[in-house]
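Colleague: Could you take me through this model, place by place, with the reasoning behind each reply?

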Amino acid sequence: MSKPTIFSGIQPSGRLHIGNYLGALTNFVALQNSGQYQCVFSLVDYHSISEDYSPQEKREMILDLAANFLAAGVDSEKSILFLQSQVPEHTELAWVFNCITPVSELERMTQYKDKAQKQSKNINMGLLDYPVLMAADILLYRATAVPVGLDQKQHLELTNVIARKFNRRFGNYFKEIQPLWTHFPKVMDLKRPDKKMSKSDPSGCLFLDDAPDVVLKKLKGAVTASAAGKKSPGEENLMLLLAHFGQAEEIAYFADAQKTGTLKFSELKETLARDISAYFAGFREKKQALLNRPEYLAEVLGQGAQQARKIAQTTFIEVKQKIGLL
Ligand code: TRP
């Protein structure tokens, strides 16, 4: 029996931060290395152009994201890693799905509403249609498991709605997909620890390729104040990072200091800066070496696209037969 297929995607739309790393990349690598799945990972560039962007920067963002995947341990020998726009069946299948997806389903997607509010001068069709393209991404590979964050729940439910509609109308073909929720707790913004860490606030955001002095500076600026009688969300956030990147003795030491009320934030921040920089030292080095070879990155993506296309073409021919075009 062949292994079940996993599909996930990340948009090439800027630098990745520690939250993306813990929430997505490390999880992808673990799934890949479990040996239990055929993993298909995509840089979903077509999704990313539905949001305001600069064409001059996009290619660089694509190569940067490819380097992030590889430096984090996604192995193009074990997994299929490819650029969405190099496999035209994604948009083709999305069109077929468009013709069975009620507009009303798309209009109630909360991410669509949020994005429409954020870029009110550019409420384009792609923004509304985003979840249909996402359904096509997944179902094109007949994937049955999709590792994503909880923010994608509604989109995955819609994928199953589309699969069921297709099956009912054209005969059983697509299987239900299972979300694989990534359970990592949210990493919060260092400056505003009531908000999720986000690249749109660079000063409170630890990027994966931040140099050690930058990591230290950002951590030193982390806000740890708390309202009277309340736990400090900034402190919780630093302790969460320590739990992940710190040594066992450090974790025990600071947990104890927390209990006895002797915790020194300067000490915690310096420890964390050292640990995080050390943790990502190998990653940064690998990533830089990859970025120095853009032609190699392009080749890896090209080979990934060839592998992806083989599967995608098979599915799409069968879809065309089912819907009466072939
Ligand atoms: N919408 C996803 C996100 O922003 C990215 C994505 C696109 C995706 N296509 C996908 C994730 C297919 C999982 C499966 O995180």
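Colleague: Is R192 buried, partly exposed or exposed in this model?
Modeller: This is a predicted model, and in it R192 sits in the loop that runs between β5 (178–181) and α9 (212–220). Its relative accessibility is 41%. Because buried means under 20% and exposed over 50%, a value of 41% makes R192 partly exposed.

Colleague: Which residue, 42 residues away in sequence, has its C-alpha 7.8 Å from that of R192?
Modeller: The loop that holds R192 lies between β5 (178–181) and α9 (212–220). The residue that is 42 positions away in sequence, with 7.8 Å from C-alpha to C-alpha, is G234.

Colleague: Where is L240, and is it buried or exposed?
Modeller: L240 belongs to helix α10, which covers residues 233–245. In space, the C-alpha of L240 is 7.8 Å from that of V187, although 53 residues separate the two in sequence. Buried means under 20% relative accessible area, so L240, with 19%, is buried.

Colleague: What is the relative accessibility of L25, and which residue 43 positions away in sequence is paired with it at 8.5 Å?
Modeller: L25 is part of helix α1, and it counts as buried because its relative accessibility is 0%. The C-alpha of L25 is 8.5 Å from the C-alpha of a residue that is 43 positions away in sequence, and that residue is N68.

Colleague: Which residues of α3 are buried, and what span does the helix reach?
Modeller: Helix α3 takes in residues 55–72, which makes 18 residues. Its buried residues include N68, along with K58, I62, L63, D64, L65, A66, A67, F69, L70, A71 and A72. From the first C-alpha to the last, the helix is close to the 26 Å expected at 1.5 Å a residue, for it reaches 26 Å.

Colleague: What is the phi of G73, just after α3, and what is the phi of R142?
Modeller: G73 follows directly after α3 and takes a positive phi of about 115°. R142 is not a glycine, yet its phi is positive too, at about 50°.

Colleague: Where does R142 lie, and is it buried, partly exposed or exposed?
Modeller: R142 is placed in the loop between α7 (125–140) and β4 (145–148). Its relative accessible area is 32%, and since the partly exposed class lies between 20% and 50%, R142 is partly exposed.

Colleague: Which residues lie nearest the centre of the second largest pocket, and how many of its lining residues are charged?
Modeller: The second largest pocket has a volume of about 300 Å³. Its lining consists of 14 residues, and those nearest its centre are K3, P4, T5, R142 and K175. By class the lining divides into 7 nonpolar and 4 polar residues, while the number of charged residues is 3.

Colleague: Which residues come nearest the ligand, and at what distance does the side chain of Q152 lie from a nitrogen atom of the ligand?
Modeller: There are 13 residues around the ligand, and the nearest are Y130, M134, D137, V148 and Q152. A polar side-chain atom of Y130 is 2.7 Å from a nitrogen atom of the ligand, and for D137 an N or O atom of the side chain also lies 2.7 Å from a ligand nitrogen. For Q152, the distance from a polar side-chain atom to a ligand nitrogen is 3.1 Å.

Colleague: Is Q11 buried or exposed, and which side chain does it join in a polar contact of 2.8 Å?
Modeller: Q11 lies in the loop between β1 (5–10) and α1 (18–34), and because its relative accessible area is 18%, Q11 is buried. Its side chain reaches the backbone nitrogen of S48 at 3.5 Å. The side chain that Q11 joins in a polar contact of 2.8 Å is that of Y130.

Colleague: What volume does the largest cavity have, and which residues line it?
Modeller: The structure holds 1 cavity of 30 Å³ or more, and the space in the largest cavity is about 40 Å³. The classes of its lining are 7 nonpolar, 1 polar and 2 charged residues. The residues that line it are I18, L206, F207, L208, D210, V215, I276, S277, F280 and R284.

How values were computed: Residues are numbered from 1 along each chain as its sequence is written. This is a predicted model: local features need pLDDT of at least 70, side-chain atom pairs count only at pLDDT 80 or more; totals for chains, interfaces and linings use all residues. Side-chain values use heavy atoms; hydrogens and water are left out. Helices (H or I, at least four residues) and strands (E, at least two) are DSSP runs, numbered from the N terminus. The expected span of a helix is 1.5 Å times one less than its number of residues. Buried means under 20% relative accessible area, exposed over 50%, partly exposed in between (1.4 Å probe, protein chains only). On a 1 Å grid over the protein atoms alone, a cavity is a set of points where a 1.4 Å probe fits but cannot get out, and a pocket is an open set with protein on both sides within 12 Å along at least five of seven lines; lining residues have an atom within 4 Å of a point. Grid points are joined across faces, edges and corners, and a volume is the space filled by probe spheres set on the points. Ala, Val, Leu, Ile, Met, Phe, Trp, Tyr, Cys and Pro count as nonpolar, Asp, Glu, Lys and Arg as charged, and the others, Gly among them, as polar. A residue is near a molecule or strand if one of its heavy atoms lies within 4 Å of it. A polar contact is a pair of N or O atoms within 3.5 Å; within protein, one must be able to donate a hydrogen and the other to accept it, and residues adjacent in sequence count only if both atoms are side-chain atoms.
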